[in-house]
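The following exchange examines how the terms applied to a structure follow from its computed values. Each answer sets a value beside the criterion that it has to meet.

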Amino acid sequence: MITINTLRKMKLNCDKIAMLTCYEASFAKISEDAGVDILLVGDSLGMTMLGYSSTLPVSLADMCYHTRAVANGSKHALILADLPFGSYQKSKEQAFEAAVALMQAGAHMVKLEGGAYLAQTTAFLQERGIPVCAHIGLTPQSVNTLGGYRIQGKTDQDAAILLNDAKAHEDAGADLILMECVPASLAKDVTAAISCPSIGIGAGIDCDGQVLVLHDILGIYSGKSARFVHNFMEGAPSIQAALKAYVAAVKSGTFPALKHSF
């Protein structure tokens with residue numbers, strides 16, 4: 001069974017962590033069989049599964065449904081579930097209630113999006129037995145205030161803010177820091193500055209682990225592919241082979257390549 005202690009040991013031993021989104025039982029099983037360490041029940045299901053144009057319409061009920069399905073197909077991976085938009089921003093108590101629902105559905109950890117201003121929420125959850133992954137950098141739930149899906153942390157000032165975000169969440173007890181769409185050099189600095197593992201998506205090779213969306217690595221998402229995406233189905237004889245290729249590329253440090261980074 002992969003636990004938060006397993007992940008910390010992996011960071012210490014420089015063993016890369018492979019995370020992949022997952023939304024139902026069948027893919028939970030074959031992803032585990034392929035060696036995926038963390039199954040992320042992402043609110044990306046809004047686009048990949050439900051056909052929305054963003055993650056914003058995804059409800060807590062949606063997340064609980066898919067978390068329960070993933071848990072039914074999983075035996076040993078760590079299950080990380082997204083707190084959806086509107087389920088945690090109002091108060092720490094609101095976040096706790098939503099996190100409890102996800103944990104009762106089968107999650108082992110919850111993920112929230114936002115910087116240092118949410119560190120108190122991270123601490124509130126952690127103190128009550130709920131492990132937290134803090135998602136910083138490009139936070140898709142804030143796409144409207146960010147002005148679109150844009151690289152974050154490009155200036156010295158913005159880089160300092162992002163580094164402070166990571167440290168604030170770690171100090172609050174976060175067990176993972178996920179960075180999305182930030183310069184590789186900044187992600188490297190953040191990874192070195194924190195003791196908990198970092199996970200990157202569009203954040204370069206030096207993070208402690210990587211995550212991609214399942215539909216992206218299989219080449220079946222109908223939307224525009226981001227620069228950091230790689231289609232592992234190309235040349236693969238089966239879905240299982242594509243999943244194994246993704247895990248092998250992450251573990252060996254061959255993914256992401258420079259072309260996938262900023």
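Q: Which elements each supply at least two residues of the lining of the largest pocket?
A: They are α3 (45-48), β4 (109-113), β6 (176-180) and β8. The model is a predicted one, and the largest pocket has a computed volume of about 730 Å³. Its lining comprises 34 residues, and those nearest the centre are Met47, Tyr149, Glu180, Ala226 and Phe228.

Q: What is the make-up of the lining of the largest pocket by nonpolar, polar and charged residues?
A: The lining of the largest pocket divides into 17 nonpolar, 9 polar and 8 charged residues. Of the residues nearest the centre of this pocket, which include Met47 and Glu180, Met counts as nonpolar and Glu as charged under the classes used.

Q: Which residues lie closest to the centre of the second largest pocket, and what is the volume of that pocket?
A: The second largest pocket has a volume of about 250 Å³. It is lined by 14 residues, with Gly137, Leu146, Gln152, Ile161 and Asp165 closest to its centre. Both β5 (132-137) and α8 (156-171) contribute at least two residues to this lining, and α8 gives the largest share, 4 residues. By class, the lining of the second largest pocket has 5 nonpolar, 7 polar and 2 charged residues.

Q: What makes a space a cavity, and how many cavities of 30 Å³ or more does the search find?
A: A cavity is a set of points where a 1.4 Å probe fits but cannot get out, whereas a pocket is an open set. The search of the whole structure finds 1 cavity of 30 Å³ or more. The volume of the largest cavity is about 40 Å³, so it meets the cut-off of 30 Å³ or more that was applied in the search.

Q: Which residues line the largest cavity, and from which element does the largest share come?
A: The lining consists of Gly200, Ile201, Gly202, Ala203, Gln210, Val211, Leu212, Phe228, Phe255 and Pro256. Two or more of these residues come from each of β7 (198-201) and β8 (209-212), and β8 provides the largest share, 3 residues.

Q: Why does the lining of the largest cavity have 3 polar residues and no charged ones?
A: The division is 7 nonpolar, 3 polar and no charged. Gly is counted among the polar residues, so Gly200, Gly202 and Gln210 of this lining fall in the polar class.

Q: How do you know that the peptide bond between Phe255 and Pro256 is cis?
A: The omega value of the bond that joins Phe255 and Pro256 is about 5°, and the bond is cis. Pro256 is situated in the segment after α11, and both Phe255 and Pro256 belong to the lining of the largest cavity.

Q: What is notable about phi of Cys14, and where is Cys14 placed?
A: Phi of Cys14 is near 60°, a positive value in a residue other than glycine. Cys14 occupies the loop between α1 (4-12) and β1 (17-21).

Q: Why is α2 called oblique to α11?
A: The axes of α2 (residues 25-33) and α11 (residues 239-252) come within 9 Å and cross at roughly 50°. Angles under 35 degrees count as roughly parallel and those from 65 to 115 as roughly perpendicular, so α2 is oblique to α11. The crossing is right-handed. Phe27, Ile30, Ser31 and Asp33 in α2 meet Ile239, Gln240, Leu243 and Lys244 in α11.

Q: What makes α2 oblique to α4?
A: Helix α2 packs against α4 (residues 60-73) at an angle of about 45°, with the axes 7 Å apart. This angle is outside the ranges for roughly parallel and roughly perpendicular, and α2 is therefore oblique to α4. Ala25, Ala28, Lys29 and Glu32 of α2 make the contact with Ala69, Val70, Asn72 and Gly73 of α4.

Q: Why are α8 and α9 described as roughly parallel?
A: Helices α8 and α9 (residues 184-193) pack at an angle of about 30°, with their axes 10 Å apart. Angles under 35 degrees count as roughly parallel, and the two helices are therefore described in that way. Their crossing is right-handed. Ala159, Leu162, Leu163, Ala166, Lys167 and Glu170 of α8 make the contact with Leu186, Val190 and Ala193 of α9. By class, this contact has 7 nonpolar, no polar and 2 charged residues.

How values were computed
Residues are numbered from 1 along each chain as its sequence is written. This is a predicted model: local features need pLDDT of at least 70, side-chain atom pairs count only at pLDDT 80 or more; totals for chains, interfaces and linings use all residues. Side-chain values use heavy atoms; hydrogens and water are left out. On a 1 Å grid over the protein atoms alone, a cavity is a set of points where a 1.4 Å probe fits but cannot get out, and a pocket is an open set with protein on both sides within 12 Å along at least five of seven lines; lining residues have an atom within 4 Å of a point. Axes are lines fitted to C-alpha atoms, for helices over the stretch in contact, and angles run from 0 to 180 degrees between N-to-C directions. Angles under 35 degrees count as roughly parallel, over 145 as roughly antiparallel, 65 to 115 as roughly perpendicular and the rest as oblique. A crossing is left-handed if the near helix is turned anticlockwise from the far one by less than a right angle, and right-handed if clockwise. Contact means heavy atoms within 4.5 Å.
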